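Got a few minutes and a structure viewer open? Let's work through some exercises together, one step at a time.

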Amino acid sequence: MASHAANLWVLLGLGLAGIFLMTKRLKKTIKADFGAFIQKLELLPPPQPAPPKAPHPLTGLNFAVSDVFDIEGYVTGFGHPDWLRTHEPSTRTSPVVLALVEGGATCIGKTVVDELAYSIHGENKHYSTPTNPAAPARIPGGSSSGAAVAVAADFVDFSLVGIDTLGGIRVPAAFCGVIGFRPSYGVISNTGIIPVSSSLDTVGLFAKDPSTLRRVGLVLLQLPFSVQRNPKQILLADDCFELLKIPKDRISQVVTNSTEKHFGRQVLKHENLEKYFSSKVPSLKEFYSQKINGDSKISSLTLLANVAQILQRYEFKRTHGEWINSEKPVLDSAISAQINETLYMTDKEIEICKSVRTEMRLAVNNLLKDDGILVIPTTAYPPPKLGSKEIFSDDYQNRSFSLLSIASISGCCQVTLPLGYHDKCPVSVSFIARHGGDRFLLDTVQTVYSSLQEHADTVAKSKLSPNAVKQEHSAEAVKERGNQAYKDKQWQKAIGFYTEAIKLSDNNATYFSNRAAAYLELGSFLQAEADCTKAISLDKK
C-alpha cells in the first residue's frame, strides 16, 4: 500500500506539472487531490478465502464514494456544511458500499458533491469546485463531481456514485472523459443513501475502462451468468443529435463506423424520438395542459424535461423541505431559486406524472426490446467554462434535460462513453438499453469500446469536407425513402431511391444489398447478383 501511494504521488506530480500553465492563467490553485475528496478514510476488504475457493471478485481495486452514502462513524455531508453540522454520524454503512468492500475492493474516501446533490454543474462554493483533469478551465459536471474527478485523475479504479436523478452520473462522466453507468431504476438498493428524488434516484458507477465497469457492475447488480448477446438493432436518435452544439458527425460517425465493424450495417437504424414519444406517451401532453397551460405544439422531449424537473423539485421539497425551512442553509442562488419556487401539485398531477413514467418505460422497452441499443448524445453542450453564465441559460437547460430525462423518466439503463476531444473539450456518447437490460448493455459496451476509441481518433483527425458529410446524410435520407417504398411493395420505386443513394455514396454496402432485394422481387436476377457481389466486396458482413 505504501509503495502504491508513493507511485500515485509521483504520477500526480507529473499530472500537476502538465496543467500548471493552464491553472496559472486561471489563477486557480490545484489541490493535491484535485479537490475531489471531502474526507479520506479506509475500509479494507475481508481476508481472501482459502483455496480452492476463488478470490474475491474485486480484489486489487480501490474506490471512492460520493458523500451521500452512509459510512458507519462518519457524518454524511450531502454537499453542504450546514447538513454536516446538523446531523449525527451514521450508525451503519450503506449495503451497497459493504457489498463492494466484501467483494474485495478497498474504499479510500468520500468525494465532493454539489450542494444537496441537486444540480448538474459540479460547482460547490462551500468545498470549492473539483478540478476537471480533462479540461481544467471547464466545470466537472455534477452532482457527483468529485467522484468523476477521482477516476479521471487515476486516484481510484472506480467510484460508487450517488445519485443520478437528472444526470448526476452522466454529466460528470461526459465532462471529465470517463465511463459513467446509470443502472436501471430500482435494481440497486438506495438504502443508506440520502435521497434527492425517490422516484428518479439511481446509484451508479464511474470507471476508466469497460472491464472494470463490467467487473464491478456485475457484483453490484448480482446478476446470474448468461450468454453474451450482440445487439440486433442500434438506433440513432436523429432528432437528439440535432440538439448538439458541436458537429453531430463527430459523434454519430464514430458510432456508425464502430457498429459496421462489429455487427454490420444492417443493425443500424434511425429513429425520431420526438415523434415516437408523442404517439406512445400521451400523458406527457396531459401533464403539460394541467400544469403549464402552454403551447400544445411543444416537443415531447421538452415536455419530458419539464416533467422530470418538476418531479425532482416536488419530491426534493417533500423530503427535505422541513430541514431547509428550519435551518435556512445558505444555498447557491440558482439552486435556491428552484427549491424555493412555489410549487403546488394536485393529486391528479401526481397521478399523471406516474402515468408518464409508466408509459415512458413501456415505450422505450417496446422500442428496444431485448436486443436493441438506443444511441443519443449524453449532453448537448461541451463542458462550459468555470464561472460561466451559460449553464443558467434556457437553451442550455432545455437541451440538457431533453437528453437526460429519457433514461431518468423511463428508468432504463444508460452508459456514457468518452470519445476523445473536440476543440480541447471531452466528447461523449450514450448507449441506452431497456429497463432490466443492464448486463446486455455492459456486454455491448465491453464489445465496442476499443473500436469506438479507434474510430473517435480517426474521425477527430479526418478532414472530410462539409460537402462530403452533407452527401452522406442525403444518401441516408434517400435510402430511408427506398426502405419505405420496399415496405409498401413498390419495388421499382424502391430501386430508384436506392440507385439515387448509390450515386451520392457508392461505398455503402447496404445500398447495394437493399437494391438487390428489390431486384429479386422483380425477378431481375442478374442485376441482383451484381449488387450482391458489390455489397460483399464492400462489407463482408
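Below are five exercises on this predicted model, each with a worked solution.

**Exercise 1. Walk across the sheet**

Work out the strand order of the eleven-stranded open sheet, and find which strands stand at the edges.

Solution. Start by tracing the order: β1-β3-β2-β4-β6-β5-β10-β11-β9-β7-β8, with mixed pairing. Next, look at the two ends. β1 and β8 (268-271) each have a single partner strand, so one side of each has no neighbour in the sheet. Finally, check the twist: ignoring direction, neighbouring strands are turned by 25 degrees against each other on average.

**Exercise 2. Zoom in on β5**

Find the strands that pair with β5, and say in which sense they run.

Solution. Take the β6 side to begin with. Three bridges join β5 to β6, and the two run antiparallel. Phe-181 has Leu-205 of β6 as its bridge partner. Now turn to β10 (residues 413-422), which also pairs with β5 in the antiparallel sense, over three bridges. Here Arg-182 is matched with Gln-414 of β10.

Then follow the side chains of β5 (residues 179-182). Ile-179 and Phe-181 point one way, Gly-180 and Arg-182 point the other way, and all are buried. For one step further along, go to β4 and β6: they pair in the antiparallel sense over five bridges, and Asp-164 has Thr-202 of β6 as its bridge partner.

**Exercise 3. Is α5 covered or open?**

Decide how many of the residues of helix α5 (residues 145-152) are buried, and what covers them.

Solution. Count the buried residues, using under 20% relative accessible area as the cut-off. Eight of the eight residues of α5 pass, so to speak: the helix is mostly covered. They are Ser-145, Gly-146, Ala-147, Ala-148, Val-149, Ala-150, Val-151 and Ala-152. Then look around them. The cover includes the strands β1 (37-43), β2 (62-66), β3 (106-111), β4 (158-164) and β6 (202-207), along with helix α6 (170-176). Last, step past the end of the helix: Asp-154 follows α5 and has a positive phi, near 65 degrees.

**Exercise 4. Classify two helix pairs**

Work out how α14 packs on α15, and how α12 packs on α13.

Solution. For α14 (residues 347-368) and α15 (residues 394-410), the angle is about 100 degrees, with the axes 8 Å apart. Angles of 65 to 115 degrees count as roughly perpendicular, and α14 and α15 therefore fall in that class. The contact uses Val-356, Arg-357, Met-360, Arg-361 and Val-364 of α14, plus Ile-406, Ile-409 and Ser-410 of α15. Sorted by class, that gives five nonpolar, one polar and two charged residues.

Now α12 (residues 300-327) and α13 (residues 333-340): about 100 degrees again, with axes 10 Å apart. That makes α12 roughly perpendicular to α13. Arg-313, Phe-316, Lys-317 and Ile-324 of α12 meet Gln-338, Ile-339 and Asn-340 of α13. This contact splits into three nonpolar, two polar and two charged residues.

**Exercise 5. Find the core**

Which residues have the most contacts inside the largest nonpolar core?

Solution. The core has 73 residues, and the ones to pick are Phe-63, Leu-160 and Phe-431. Helix α16 (residues 438-461) gives the largest share, nine residues. A second, separate core has 49 residues, including Ala-174, Phe-175, Phe-287 and Leu-404. To finish, click on Phe-431: among the residues it touches are Val-255, Ile-373, Val-415, Leu-441 and Leu-452.

Terms used:
Residues numbered from 1 in each chain as written. Predicted model: local features only at pLDDT ≥ 70, side-chain atom pairs only at ≥ 80, totals over all residues. Heavy atoms only, no water. Axes fitted to C-alpha atoms, helices over the stretch in contact; angles between N-to-C directions. Helix = DSSP H or I, 4+ residues; strand = E, 2+ residues; numbered from the N terminus. Parallel < 35°, antiparallel > 145°, perpendicular 65-115°, else oblique. Contact = heavy atoms within 4.5 Å. Nonpolar A, V, L, I, M, F, W, Y, C, P; charged D, E, K, R; others polar. Core = buried A, V, L, I, M, F, W, Y, C linked by side-chain atoms within 4.5 Å. Buried < 20%, exposed > 50% of the residue type's maximum accessible area, 1.4 Å probe, protein only. Pairing = 2+ DSSP bridges. Lists of a residue's contacts leave out its neighbours within four places in sequence.
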